[in-house]
Amino acid sequence: MALEPVCAGPQHRFAGVENVLVCVYWGAPPAEALHDRVPWVEKAIARYGAIGVLVVVPPEASGHLPDRAFREESRAQADRFRGAIRFSASVIEGDDVQHALIRTFLRGLAVVAARGMEVRFFRSVHDGAAWASERAAALGGPSPRSLVEAVEALRAQGPGR
C-alpha cells in the first residue's frame, strides 16, 4: 500500500491511496482542512479520471459537528468536482448519541452536496473498504486490504497517539 499523506490536523488525517482519498475524523476540522486536500484531488483526477472518498469517524470521536464554513466548503467542492468524485463511503463506528448525530449530519450533507455521487454508510471499516474498493477498481484503485491498512495507519497517528 502506498499511502500518500495529504494533510493533518488535531482533528483529522487525510491521505491518498491510489484513487481513494481516505479521511479519518476525530472531531470537526476547520474548513481550511478541505482546502488542503484540493491539490491531491486535482492530481488524482488527472491521473485516474475520477476518484472516491472513504470517510471514517472512530468511536472515540468527540466535539462539535462541522460548522457552517466547513459545510459550505464541502458543498462547493462537491459542485466543483461533480462527476469526478464518483463515490463516498462513510464509516461511523460509534453507537452513542454523538455518533447518531454525526450519521444524521453526514446523510443530510450527502443529500445536498452529493448529487450524482454514489454514497453509502457503514458501521465497520472492513465493510466500507470493501464497498469503496469495488467501486475504485473500475478506475484502477486499491484493494480492500490497502484501504483498511490506510485507515489503521491514519488512526495510529490520531489524537492521543
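Let's start at Phe81, which touches Val38, Val41, Glu42 and Ile45, leaving aside residues up to four places away in sequence. Keep in mind as I talk that this is a predicted model. Phe81 sits in the loop between helix H3, residues 68-80, and strand S5. Is Phe81 buried or exposed? Its relative accessibility is 7%, and anything under 20% counts as buried, so Phe81 is buried. One of its partners, Glu42, is 39 residues away from Phe81 in sequence, yet their C-alpha atoms are 8.8 Å apart in space. For those four partners, here is a handy bit of background: an α-helix has 3.6 residues a turn, so residues three or four places apart point the same way.

Let me step back to the whole chain for a moment. The protein has six helices and six strands. Along the sequence they come in the order β-β-β-α-α-β-α-β-α-β-α-α. There are 161 residues, and 52% of them count as buried. If we take the contacts with a separation of 6 or more, 70% are between residues 24 or more positions apart.

Now for the pair of helices I'd like you to look at, H5 and H6. H5 covers residues 125-137 and H6 covers residues 144-156; their axes come within 8 Å and cross at roughly 130°. That angle makes H5 oblique to H6. As for handedness, H5 passes H6 in a right-handed crossing. Which residues make the contact? From H5 we have Val125, His126, Ala129, Ala130, Ala132 and Ser133, and from H6 we have Pro144, Leu147, Val148, Val151 and Arg155. Sorted by type, the residues in this contact of H5 with H6 are eight nonpolar, two polar and one charged.

Staying with H5, here is a quick check on its length. At 1.5 Å a residue, its 13 residues should span 18 Å, and the C-alpha atoms at its ends are 17 Å apart, which agrees. Which residues of H5 are buried? They are Val125, Gly128, Ala129, Trp131, Ala132, Ser133 and Ala136. And what covers them? The cover includes H6 along with strands S3 (20-25), S4 (51-57), S5 (85-92) and S6 (118-122).

Next, a few single residues to click on while you have the structure open.

Try Gly49, in the loop between helix H2, residues 38-48, and S4. Its relative accessible area is 42%, so Gly49 is partly exposed. Gly49 and Leu139 are 90 residues apart in sequence, but from C-alpha to C-alpha they are 7.5 Å apart in space.

Then there is Glu18, in the loop between strand S2, residues 12-17, and S3. Its phi is near 55°, a positive value in a residue other than glycine. Why does Glu18 count as partly exposed? Its relative accessibility is 35%, and partly exposed runs between 20% and 50%, so that is where Glu18 falls.

Last one: Ala8, which is found in strand S1, residues 3-9. With 54% relative accessibility, Ala8 counts as exposed, because the cut-off is over 50%. Ala8 and Cys23 are 15 residues apart in sequence, and their C-alpha atoms are 9.7 Å apart in space.

To recap the single residues: Phe81 is buried, Gly49 and Glu18 are partly exposed, and Ala8 is exposed. Thanks, everyone!

Note on methods:
Residues numbered from 1 in each chain as written. Predicted model: local features only at pLDDT ≥ 70, side-chain atom pairs only at ≥ 80, totals over all residues. Heavy atoms only, no water. Axes fitted to C-alpha atoms, helices over the stretch in contact; angles between N-to-C directions. Helix = DSSP H or I, 4+ residues; strand = E, 2+ residues; numbered from the N terminus. Parallel < 35°, antiparallel > 145°, perpendicular 65-115°, else oblique. Left-handed = near helix turned anticlockwise from the far one by under 90°. Contact = heavy atoms within 4.5 Å. Nonpolar A, V, L, I, M, F, W, Y, C, P; charged D, E, K, R; others polar. Expected span 1.5 Å × (residues − 1). Buried < 20%, exposed > 50% of the residue type's maximum accessible area, 1.4 Å probe, protein only.
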